[in-house]
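Here is the note you asked for, set out as numbered points for someone meeting this structure for the first time. Please read it with the sequence and the model side by side.

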Amino acid sequence: MKDALEDLVVAELDSIGFDLVELRRGGTRTRPLIEVRIDRRDGQPVTVDDCARASRAVEARLDGSELVSSQYELQVSSPGERPLRTAAEWRRFTGRWASVLSPTQGGRFEGKILAVEGEVGSEAAVIELKAGVERRVPLADVKEARLAFHW
């Protein structure tokens, strides 16, 4: 079940055209820290202006809510090495490199995402490990995956 804070952040980011990549809560009860990582829907890199715009929008909604203490700190940033959590995210980044941790597939490896196949709930990523060597990895077997920078 999603919580109210995440619902508020997702709704506000959606209204200005950004996707929530990650929401982290930290700090203390009296001085909570809310870290928000965003991504652009057009595939362009997130800019400082994008972060400022998203921060102002989320802050305006948080200030009028009782979800966090009035002394909260909000940090909005680009996704960095973006996590891949859903089949839709894997599809969106077809053609990009990913670092994947899958104990059932031999541990951590890196490769280029070629495709996502299968029925809803049993999808698998087709990953090219090196030229001509592909691996089909069921997404259910992936413990962690992030986009990777590859030269």
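**Notes on the structure**

1. A pairing towards the end of the chain makes a convenient place to begin: Ala124 stands opposite Pro138 in strand S7. Farther along the same pair of strands, Val126 stands opposite Arg136 in S7. Strand S6, residues 124–130, is joined to S7, residues 133–138, by six bridges, and the two run antiparallel. Together S6 and S7 make a hairpin with two residues between them, and in its turn Gly132 has a positive phi of about 80 degrees.

2. Before going further, please keep in mind that this is a predicted model, and that every value quoted below has been computed from it. The chain holds three helices and eight strands, which follow one another from the N terminus in the order α-β-β-α-β-α-β-β-β-β-β. Along the principal axes, its C-alpha atoms fill a box of roughly 55 × 30 × 25 Å.

3. Some overall figures help to set the scene. Of the 151 residues in the chain, 39% are buried, and the accessible surface amounts to about 8900 Å², with 48% of that belonging to carbon and sulfur atoms. Among contacts with a separation of 6 or more, 52% are made by residues 24 or more positions apart. As to charge, there are 23 positive and 26 negative side chains, and the centres of these two sets lie 3 Å apart.

4. Which residues touch the most other members of the largest nonpolar core? Within this core of 21 residues, they are Val9, Leu13, Ile34, Val36, Ile38 and Leu62. At least two residues of the core are supplied by each of helix H1 (4–15), strand S1 (18–27), strand S2 (32–40), helix H2 and strand S3 (73–77). The element that gives the most to the core is H2, with five residues. A second core, separate from this one, has 16 residues, including Val116, Val137, Ala145 and Leu147.

5. Leu62 deserves a closer look as one of the residues just named for the largest core. Leu62 lies in H2, which covers residues 48–63. Is this residue buried or exposed? Leu62 has a relative accessible area of 1%, and it counts as buried because that value is under 20%. Leaving out residues up to four places away in sequence, Leu62 touches Leu5, Leu8, Ile34, Val68 and Tyr72. Leu8 is 54 residues away from Leu62 along the chain, and yet their C-alpha atoms are separated by 8.0 Å.

6. Ile34 can be read in the same way, again setting aside neighbours within four places in sequence: its contacts are Leu5, Leu23, Arg24, Leu62, Val68, Tyr72, Glu73, Leu74 and Gln75. Several names recur here, since Leu5, Val68 and Tyr72 also appear among the residues that Leu62 touches.

7. Returning to the later strands, S5 (residues 107–117) pairs with S6 in the antiparallel sense over five bridges, and in S6 the bridge partner of Ile113 is Ile127. S5 and S6 also form a hairpin, with six residues between them, and Gly118 in the turn has a positive phi of about 105 degrees.

8. Ser122 is found in the loop between S5 and S6. With a relative accessible area of 47%, Ser122 is partly exposed, because this value lies between the 20% limit for buried and the 50% limit for exposed residues. Thr104 is 18 residues away from Ser122 along the chain, and the C-alpha atoms of the two are separated by 15 Å.

9. Strand S8, residues 144–147, has two faces that are worth comparing: Ala145 and Leu147 lie on the covered face, whereas Glu144 and Arg146 lie on the uncovered one. In a regular strand the side chains alternate between the two faces of the sheet. S8 is joined to strand S4, residues 97–102, by four bridges, with the two strands running antiparallel, and Val100 stands opposite Ala145 in S8. Ala145 and Leu147 are also among the members of the second core.

10. A last point concerns Gln105, which has its place in the loop between S4 and S5. Not counting residues up to four places away in sequence, Gln105 touches Arg135, Arg136, Val137, Pro138 and Asp141. Gln105 and Ser78 are 27 residues apart in sequence, and from C-alpha to C-alpha they are 30 Å apart in space.

Technical notes. Residues numbered from 1 in each chain as written. Predicted model: local features only at pLDDT ≥ 70, side-chain atom pairs only at ≥ 80, totals over all residues. Heavy atoms only, no water. Buried < 20%, exposed > 50% of the residue type's maximum accessible area, 1.4 Å probe, protein only. Contact = heavy atoms within 4.5 Å. Areas by Shrake-Rupley, 256 points an atom, 1.4 Å probe, with all protein chains shown as cover. Lys, Arg positive; Asp, Glu negative; His and termini not counted. Charge placed at Lys NZ, Arg CZ, Asp CG, Glu CD. Core = buried A, V, L, I, M, F, W, Y, C linked by side-chain atoms within 4.5 Å. Pairing = 2+ DSSP bridges.
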